[in-house]
Amino acid sequence: MSDQLLEVSDLNVVLGESHVLHDVTFGVRSGGVTALLGRNGVGKTTTMRGLLGLAPRTGTVRLAGEDVSTLLTHEIVKRGVGFVPEDREVFAGLTVQENLKLAERRGSAHHYDRVYELFPRLRERRGQRAGTLSGGEQQMLALARGLLNDNRLLLVDEPSQGLAPYLVTEFTEVLAQVTDLVTVLLVEQNLTVVRRLARDAVVLDQGRVAWTGAAADLLSDEQVTRGLLGVGVAAANQEGTS
Amino acid sequence: MTTFVLMTITGMGLAALYFLVASGLSLIFGLMHVLNFAHAAFLTLGGYTAWLVAGASGSFLLGIVVGMLVAAALGAATETGLLRRMHGDHVPQVLLTVGLLLAFTALVRAIFGSDARPMPTPAWMNQVIRVLDAPIPNSRFVLIAAAIAVWVVMTIFLTRTRYGLIVRAGVENRPMVTALGIDVRRAFTLVFALGAGLAALAGSLVAAVQGAVSPEQGMTLLIFAFIVVIIGGLGSFHGSALAALLVGLLQEYTNFYAMVGMGDLVVVLLLAGVLLTRPQGLLGRRLV
Amino acid sequence: MTSVEAATRAQEEPSSAVAGTGGPERRPVRRWVIAGVLVALAVALPYIPLRIPVLFDGPVNGPGALHLLSLMFVMAAIAMTYDLLFGYTGLLSFGHHLYVAIGMYTTVVVLGETDYGLGAALLAVLVLGLVVPLLLGSICLRVSGIAFAMVTLAFAQAGAIFVVRDPFRITGGELGLAIAYQKLPERLVGVFNAPYRYWLALALLVLVVVAVRWALSSRPGRVWPAIRDNEPRVAVLGLRPYTFKLQVFVLSSFLATLAGAVYAVVVGGAYAEVTHATFVLALLVMVVLGGTGRPYGALVGGLVYTYLVHRLGALSSAVQDLPAAVRAPLMEPLLILGTLFVLLVLFLPGGLVSLFRRPGPNVRDRLRRALRRKDAE
């Protein structure tokens, strides 16, 4: 258990009148990508938000052994967590540069060189308001905010959503590159991306953990993928080769 | 023509006051989603502090500065000590500021009485300069100059400083700001203190222009400042500047050319019109 | 967070629709008996020459005490109409005083400026009390949350400006207007007829209590708390929240207008203070003081608040030899009430009524609250 960077136990989230997460328990190993999977609406995004304290939660969350479940969001983030949210959530009224400047965290180096090398487009557009960027560029910016600082853990929520296929490939490669630098917890629906990146997988079903194990095992198990993800392995494999 | 010039400059003076009160309110609302009734208390506080200090020291300027500092300190204390305890529940926060306003106004009345007290305004403020033949009291120019200065300083603050960035980003999407590792509550305190300071500045200037301080001065101005905030767009700094100018001029022209009191009614109608056709306000992004 | 959710969270209690099943509806017979006894006592009060030192100057059936009680009843009635909007439906209006002012000024102006009598004045009050809220409500309710609060405040402010500037020379401006006594029934005029004005105020209060209870138990009345708790869900159920909100807005404003007419008779005129925003803030204090959205919260809050506003000064002078530094603030009841209000909001969000009645929250609410607390830490 010593290589567990993140340990989540009995995470419960209630939003309004619906109990979204039930005793969610899983771990994220140091290094590599752990994929958080499941059909739409099973609570993947809520898990991310709950980890960060952006949604009201109970249960324990340990980051590198330290209990962070009673900390406020900014205190958790300061301990080296980057967040790339589902709908990018870049600040539309701020320029690209201002968005990055805001993301600068004290006590961490700011890797503008890394970010601009991965996304040269952002350097070109740095004086432009983020609201006027294309969807792909906004996703670059969102990811760049997460890579700017020295992070131990990067929470990435559906980076491929709504992107053109060639961009999905591009982002997948970028993520593959950064896994050397930081551990990633990735929410993803696109199994091609999961196949390319993930070492471990956690599958949620109706707010509960339904399956954990190696990503390769999951993707080779027709029954599990069909039952929990609604996709047959054949389809997934086909998708992978296309 | 002469009266038109007079009306225009008087209207701009009024707009300057609205702007000083509304800009702080708008940022507070945009960032914290609090409709801050206590703003009127800071305004009154500024007026009375300026009155006390100017009376004791003979310096009106010192009075203004002390008033702003006292209000800013009290604003910061209100945010950290009281509002923060509500953990972002908006309605109780509004109720809290209502209670503070009522208690503070009563406190002022208990200490200084209900009647207006004459303000020792420097004589030069009431002297008149002729602009295109129209006699304009210097105090109007002071109002306008103060508003322009505040606009410039605030614009620099919002665009060039880290806290300015945090405020602008926070108005847009507060949770995401915290998800970048920023303690957004510090920005709350800062904005609250800043807004209170600006309200106090407006309070002492109102007292100077009207030549008196009174316990209810704050509330009257607050309602129009609310209207300006909504018309300009909640959370939009430049929106509140634009709306202040629009409301100030419209009010002054209508009061003069149509009927006294009509200007105030027209402003209310303008608000209703804006809310029904463009509920996010002139420069606002979206209404919460 | 929408304001509706915020209002719900402000309650810190399950909606009355939920709590009601185990609460006040449980023993209707006993409830009616208690209410009946209380009303009978109140009706008989002018015949009871009881003296309560400190609490009232003179006997409770003297003109002074009866006048104070009349004011308390009228304000409690107005507070209840306000709670219908704010407490039960989650509509934070800052313009409710406009309707009280309409009732007050219509009564006084019709009596003073026309040849018509009290009947016509009452008719005018009834008509305006329906038409104006229908018109303004249909506009204001197109926005919600804080914008609704602002636009209602703005319309009320327009009313205040109209009254103070007095373009048609009918409202008496800042000074206000005395009622034309000669046109009132003799019974309602003069110090010695204080009991009749007292009964009038009591009748108003009973009417408002009955009307509010009846409305809340009606079909739309059961939808109002649902709108407060979760407006989108009401819309999903196929009901149009706008219609229900307009209903409650018109009903509550209509009753407030009616109360305004009685208020005019009780205080003998119409005064510009009613049009000031401070008046609606006072209503807010009363409702929160008593407890929002609770069966008798606003009633209790209105009675207690009005009593304290009028008596705190006298109460403090009843205590001998207070130093001036203590006495001066005590003479400003709003200082104490404002502070009390702040403390209530901070520490007792359920209001005074919650001190006596604590409905047990169901499991889900308890869990939600536990989570929220955890979140807040």
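A polar contact is a pair of N or O atoms within 3.5 Å; within protein, one of them must be able to donate a hydrogen and the other to accept it, and residues adjacent in sequence count only if both atoms are side-chain atoms. Keep that rule handy for the exercises below.

A word on the ground rules: this is a predicted model, where local features need pLDDT of at least 70, side-chain atom pairs count only at pLDDT 80 or more, and totals for chains, interfaces and linings use all residues. Residues are numbered from 1 along each chain as its sequence is written, chains are lettered from A and ligands numbered from 1 in the order in which they are written, and side-chain values use heavy atoms, with hydrogens and water left out.

**Exercise 1. Work out what joins chain B to chain C.**

Step 1: start with contact, which means heavy atoms within 4.5 Å. On that basis 44 residues of chain B touch 43 residues of chain C.

Step 2: add the buried area, meaning the accessible area (1.4 Å probe) that two parts lose on being put together, summed over both. For chain B and chain C that's about 3,900 Å², with 83% coming from carbon and sulfur atoms.

Step 3: look for salt bridges, where a side-chain nitrogen of Lys or Arg sits within 4 Å of a carboxyl oxygen of Asp or Glu. The rule finds one across this interface. C:Arg165 pairs with B:Asp264, and their closest N and O atoms are 3.3 Å apart.

Step 4: apply the opening rule. It gives one residue pair in polar contact between chain B and chain C, both residues being at pLDDT 80 or more.

Step 5: see which helices take part (helices are DSSP runs of H or I with at least four residues, strands are runs of E with at least two, and both are numbered from the N terminus). On the side of chain B that touches chain C, α4 (90–112), α10 (217–232) and α12 (262–277) each supply at least two residues. The largest share, 16 residues, comes from α4(B).

Step 6: sort that side of chain B by class. Ala, Val, Leu, Ile, Met, Phe, Trp, Tyr, Cys and Pro count as nonpolar, Asp, Glu, Lys and Arg as charged, and the others, Gly among them, as polar. The tally is 35 nonpolar, five polar and four charged residues.

**Exercise 2. Do the same for chain A and chain B.**

Step 1: here 22 residues of chain A meet 19 residues of chain B.

Step 2: the buried area is about 1,800 Å², and carbon and sulfur atoms give 61% of it. On chain A's side, A:His74, A:Phe91 and A:Leu102 lose the most area to chain B, together 33% of what that side buries.

Step 3: the rule finds one salt bridge across this interface. A:Glu98 and B:Arg168 form it, with the closest N and O atoms 3.1 Å apart. Seven residue pairs are in polar contact between the two chains, again with both residues at pLDDT 80 or more.

Step 4: from chain A, α2 (73–78) and α3 (96–103) each give at least two residues to the side that touches chain B. That side holds eleven nonpolar, three polar and eight charged residues.

**Exercise 3. Trace salt bridges inside chain A and chain C.**

Step 1: get the total, which is 14 salt bridges over all chains.

Step 2: in chain A, the side chains of A:Glu137 and A:Arg121 meet at 3.1 Å, N to O. A:Glu137 lies in helix α6 (residues 135–148) of chain A and A:Arg121 in helix α5 (residues 120–124), so the pair ties together parts that are 16 residues apart in sequence.

Step 3: check accessibility (buried is under 20% relative accessible area, exposed over 50%, partly exposed in between, with a 1.4 Å probe and protein chains only). A:Glu137 counts as buried at 4%, while A:Arg121 is partly exposed at 32%.

Step 4: turn to A:Arg199 and A:Asp200, whose closest N and O atoms are 3.7 Å apart in a salt bridge. A:Arg199 is partly exposed at 34%, and A:Asp200 is buried at 12%. Both belong to a network of salt bridges with A:Arg29.

Step 5: in chain C, C:Lys245 and C:Glu231 meet in a salt bridge at 3.1 Å, N to O. C:Lys245 sits in helix α10 (residues 241–267) of chain C and C:Glu231 in helix α9 (residues 219–236), 14 residues apart. C:Lys245 and C:Glu231 are both buried.
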